[in-house]
Amino acid sequence: MRNDKSKYHFILNPVAGRGKAYHAIKKIRSMLREFIIDHKISITDAPCHATELAKESLMSEDVVVAVGGDGTINEVMNGLVNSKKALGILPFGSGNDFAKATNIPHNIHEAIRVIINNKRKLIDIGKVTTSNQIKNIFKLSEERYFINGIGVGFDASVAYQSSKIKILRGLPLYITSIVKALLTYRIPNFSLQLDDEDFNNRYFLIAVGNGQSSGGGFYLTPNAKLDDSKFDVCYVDNITLLEIIKIFPSVLKGLHGKYKKVHFTQAKRISVASVDEFFVHADGEIVGNNISKVEISIIPKAMEVIVG
């Protein structure tokens, strides 16, 4: 139901979508005036600024809207954790995977209409703690929250390559990033704990999904649900380049489970460790490229999100 008394804070990342969000500012302002709602717009000017702005909203605004991609959503939701404020999404990213998971239209006008309609859903979020261990000296752990998914290994290496490409968007961006990652990626030997089960192997990738897709439409965890109090986990054994080429097209449709080296399960607590440093991404944003251990846990029904 629409609540005419709600106050909205739109937090816009000007570099989202390779600058697409910045060029849409005037259009967004015009549409918001058209809807005659109580709102303000803030523009971020540095990494993590969206989190600070979201925290500043807690005393005055009812709905905080992330204007950008999955990385912007991640920053904004980190500022809303443990509050009762609702998260809205205006998708302007390169991938927009979480917008797909919440049925937010790509059309700006339609997406704003969804936000104003204010239909809410209580969903799970995740907490991730990463740490580095170099020469047996344990460095300070870093903790943050995520809303769509975590990638360990190759998946995160692709996200790292993607962050360095400034021209492409969408699927061409991620395919290019995959090719670049394949040229440099070395598969670590992982110790993987899924709740109370332990595994040790050279895993090509480990994907932890709250949402179904990541990387702009790769359905690594196609059966994941945002509100079932469990993560879907996809982990893939060491595979050859020929096997990668064979499996890759099926990931775009979430059909890769038919291959024997691809494994699916569900878990509430996940731990990944290796003597080799590895990449980790949270909602597409690199949280470390020299990680030796990551611990992931679910927080059920922790955030209200406006959905289509």
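A residue is called buried here when its relative accessible area is under 20%, and exposed when that area is over 50%. With these cut-offs in hand, helix α9 of this predicted model makes a good starting point. Spanning residues 241-251, helix α9 has Ile244, Ile247, Ser250 and Val251 as its buried residues. These four lie on the same side of α9, because they cover an arc of only 125° around the axis. On the face turned away from that buried side, α9 carries the exposed residues Leu241, Leu242, Ile245 and Lys246.

Helix α7 offers another pattern of burial. This helix, residues 154-163, has eight of its 10 residues buried, so it is largely enclosed by the rest of the structure. The buried residues in α7 are Phe154, Asp155, Ala156, Ser157, Val158, Ala159, Gln161 and Ser162.

Attention now turns to the nonpolar cores. In soluble globular proteins, nonpolar side chains tend to be buried together. In this model, the largest nonpolar core has 50 residues, of which Phe10, Ile28, Leu87, Leu90 and Ile147 touch the most other members. Helix α6 (residues 108-117) contributes six residues to this core, the most of any element. Phe10 is worth a closer look: with residues up to four places away in sequence set aside, Phe10 touches Leu32, Ile37, His39, Lys40, Ile41, Ser42, Val65, Val67, Leu90 and Ile115. Separate from this core is a second one of 24 residues, which includes Val128, Leu194, Val208 and Ile298.

Cavities can be described just as briefly. The count of cavities of 30 Å³ or more comes to one, and the largest cavity holds about 80 Å³ of space. Lining the largest cavity are 14 residues, and those closest to its centre are Gly149, Val208, Gly209, Ser214 and Thr221. Strands β9 (149-153) and β12 (203-209) are the elements that each give two or more residues to this lining, with β12 giving the most, three residues. By residue type, the lining of the largest cavity divides into four nonpolar, nine polar and one charged.

Finally, what surrounds serine 271, leaving aside its neighbours within four places in sequence? This residue is found in strand β15, residues 269-282. Serine 271 counts as buried because its relative accessible area is 13%, which falls under the 20% cut-off. Beyond its sequence neighbours within four places, serine 271 is in contact with Ser191, Leu192 and Gln193, and also with Lys293, Val294 and Glu295.

Terms used: Residues numbered from 1 in each chain as written. Predicted model: local features only at pLDDT ≥ 70, side-chain atom pairs only at ≥ 80, totals over all residues. Heavy atoms only, no water. 1 Å grid on protein atoms, 1.4 Å probe; cavity = no way out; pocket = protein on both sides within 12 Å on 5 of 7 lines; lining within 4 Å. Points joined across faces, edges and corners; volume = space filled by probe spheres on them. Nonpolar A, V, L, I, M, F, W, Y, C, P; charged D, E, K, R; others polar. Buried < 20%, exposed > 50% of the residue type's maximum accessible area, 1.4 Å probe, protein only. Arc of directions from axis to C-beta. Core = buried A, V, L, I, M, F, W, Y, C linked by side-chain atoms within 4.5 Å. Contact = heavy atoms within 4.5 Å.
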